[in-house]
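Student: I have not met this structure before. Can we go through it step by step?
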Amino acid sequence: MIEVVQLVNDVAVDDPLHELIKSLVDIYEKPVQLAWDLSKFGILDVDASLFVTCAEVNEIISGV
């Protein structure tokens with residue numbers, strides 16, 4: 001007897017990890033620049049950026 005199995009794709013609508021994985025191609029070609037609020041570290045009146053590369057995103061996704 002053959003049993004038909006239906007795949008269930010219950011992915012949360014607001015899934016940041018899924019969105020990050022979809023963005024890997026863009027990140028591979030050019031690192032993403034994120035605004036960095038240094039006032040949380042006690043450094044005031046400084047504009048700073050954080051660049052995230054594809055290798056770093058892969059580490060986040062894989063949990064390394």
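Student: Does Leu20 count as buried, partly exposed or exposed, and what is its relative accessibility?

Tutor: Keep in mind that this is a predicted model. Leu20 lies in helix H1, residues 16-22. Buried would need under 20% relative accessible area, and exposed over 50%. Leu20 falls in between, so it counts as partly exposed, at 24%.

Student: Which residues does Leu20 touch, not counting residues up to four places away in sequence?

Tutor: Contact here means heavy atoms within 4.5 Å. Residues up to four places away in sequence are set aside. That leaves Ile27, Val57, Ile60 and Ile61.

Student: How far apart in space are Leu20 and Asn58, C-alpha to C-alpha?

Tutor: Asn58 is found in helix H3, while Leu20 lies in helix H1. Along the sequence they are 38 residues apart. In space, C-alpha to C-alpha, the value is 9.6 Å.

Student: And what separates the C-alpha atoms of Asn58 and Leu24?

Tutor: These two are 34 residues apart along the chain. Asn58 itself is partly exposed, with a relative accessible area of 38%. The C-alpha atoms of Asn58 and Leu24 are separated by 8.4 Å.

Student: In what order do the elements of the protein chain run?

Tutor: The protein chain has 3 helices and 2 strands. Read them from the N terminus on. The order is α-α-β-β-α.

Student: Which residues make up the largest nonpolar core?

Tutor: Nonpolar side chains tend to be buried together in soluble globular proteins. In this chain of 64 residues, 9% count as buried. Helix H2 (24-29) and helix H3 (54-62) each supply at least two residues of the largest core. Its 5 residues are Leu24, Ile27, Val52, Cys54 and Val57.

Student: Which residues is Val52 in contact with, leaving aside its neighbours within four places in sequence?

Tutor: Val52 is part of the largest nonpolar core. Two of its contacts, Ile27 and Val57, belong to that core as well. The full list is Ile27, Pro31, Val32, Leu34 and Val57.

Student: Now the surface. Which residues form the nonpolar patch?

Tutor: Patch residues must have over 30% relative accessible area. Together, those in this patch have about 590 Å² of accessible area. Strand S1 (residues 32-36) gives the largest share, 3 residues. The members are Val32, Leu34, Trp36, Phe41, Ile43, Val46 and Leu50.

Student: Is Phe41 buried or exposed, and what is its relative accessible area?

Tutor: Phe41 belongs to the nonpolar patch. The cut-off for exposed is over 50% relative accessible area. Phe41 is therefore exposed, at 58%.

Student: How many degrees lie between the planes of the aromatic pair Trp36 and Phe41?

Tutor: The structure holds 1 aromatic pair. Trp36 and Phe41 form it, 6.1 Å centre to centre. Planes under 30 degrees apart count as stacked. This pair is stacked, and the angle between the planes is 15 degrees.

Student: What is the relative accessible area of Trp36?

Tutor: Trp36 lies in strand S1. Trp36 is partly exposed, so its value sits between the 20% and 50% cut-offs. The relative accessible area is 38%.

Key:
Residues numbered from 1 in each chain as written. Predicted model: local features only at pLDDT ≥ 70, side-chain atom pairs only at ≥ 80, totals over all residues. Heavy atoms only, no water. Patch = residues over 30% accessible without salt bridge, like charges linked within 9 Å, V, L, I, M, F, W, Y side chains within 5 Å. Areas by Shrake-Rupley, 256 points an atom, 1.4 Å probe, with all protein chains shown as cover. Salt bridge = Lys/Arg side-chain N within 4 Å of Asp/Glu carboxyl O. Helix = DSSP H or I, 4+ residues; strand = E, 2+ residues; numbered from the N terminus. Buried < 20%, exposed > 50% of the residue type's maximum accessible area, 1.4 Å probe, protein only. Phe/Tyr/Trp six-rings, centres within 6.5 Å; stacked < 30°, edge-to-face > 60°. Core = buried A, V, L, I, M, F, W, Y, C linked by side-chain atoms within 4.5 Å.
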